[in-house]
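Grab a pencil and let's work through a few short exercises together. Each one has a task and then a solution in steps.

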Amino acid sequence: MRAMLRTVNRVALGLVGLVLVVVGGAVLAVGLGVAPPSWWIHDGPHDVLLSTAERTRWRDETWWWPSVLAVLTVLVLLALWWLVSILRRRRLGEVLVDTGDGAGALLRGRALESVLAADASRLDGVSHAHAHLTGRRDAPEAHVRLLLEPHVDPGDTLDHLTTESLTHARESAALKALPAEVRMRTAKHRAERVS
């Protein structure tokens, strides 16, 4: 779902951008004196896009205003859906833990996130760790951000995170797998004075 939403987002933004660039560029070109084709919406730099006759042409038709309102309502609803889907947090609320008796138990996603972040922050050279879970409750995915001290080897830290913190979180929640995306950055430090 997330990949599909990302694709829809990119295609929609690309199409809207392309239409705006083409129409805006064409209007600008005609305004600067380029001769427009015969089918273009206006004739020259002093022509208006919609004349009074064009603006009032359908006003007396009974189908006009309901059609306009329906189209505008659909556009507003699509724009709101798009905005909500972009802004909605994808944090996992709960994780399904297999207890072995067939019933299972639910573990709060925030609890597992805080334990994973606390476990990762105890690793050597990690000054701060943040974790959040996404995905489905029976197949969660971890997203971990680490702030490393300047002297730390990122490869060693990643190895320790994988073998210790992520393995501990996966085993404690009885998960078959816990795929993770790890982002690391180094903490800035002031230059040391040598005397």
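**Exercise 1.** Which residues does Glu113 touch, not counting residues up to four places away in sequence?

*Solution.* First, know your material: this is a predicted model, where local features need pLDDT of at least 70, side-chain atom pairs count only at pLDDT 80 or more, and totals for chains, interfaces and linings use all residues. Residues are numbered from 1 along each chain as its sequence is written, and side-chain values use heavy atoms, with hydrogens and water left out.

Next, find Glu113 in helix α4 (helices are DSSP runs of H or I, at least four residues, and strands are runs of E, at least two, numbered from the N terminus). Now look for contacts, meaning heavy atoms within 4.5 Å. Glu113 touches Arg91, Ala131, His132 and Leu133.

**Exercise 2.** Decide whether Glu113 is buried or exposed.

*Solution.* Start with the cut-offs: buried is under 20% relative accessible area, exposed is over 50%, and partly exposed lies in between (1.4 Å probe, protein chains only). Glu113 has 4%, so it's buried.

**Exercise 3.** Work out how the rings of Trp64 and Trp65 are arranged.

*Solution.* Rings of Phe, Tyr and Trp (its six-membered ring) pair if their centres lie within 6.5 Å; planes under 30 degrees apart are stacked, over 60 edge-to-face, the rest tilted. By this rule there are two aromatic pairs. One is Trp63 with Trp64, edge-to-face at 5.9 Å centre to centre and 80° between the planes. For Trp64 and Trp65, the centres are 6.3 Å apart and the planes at 65°, so this pair is edge-to-face.
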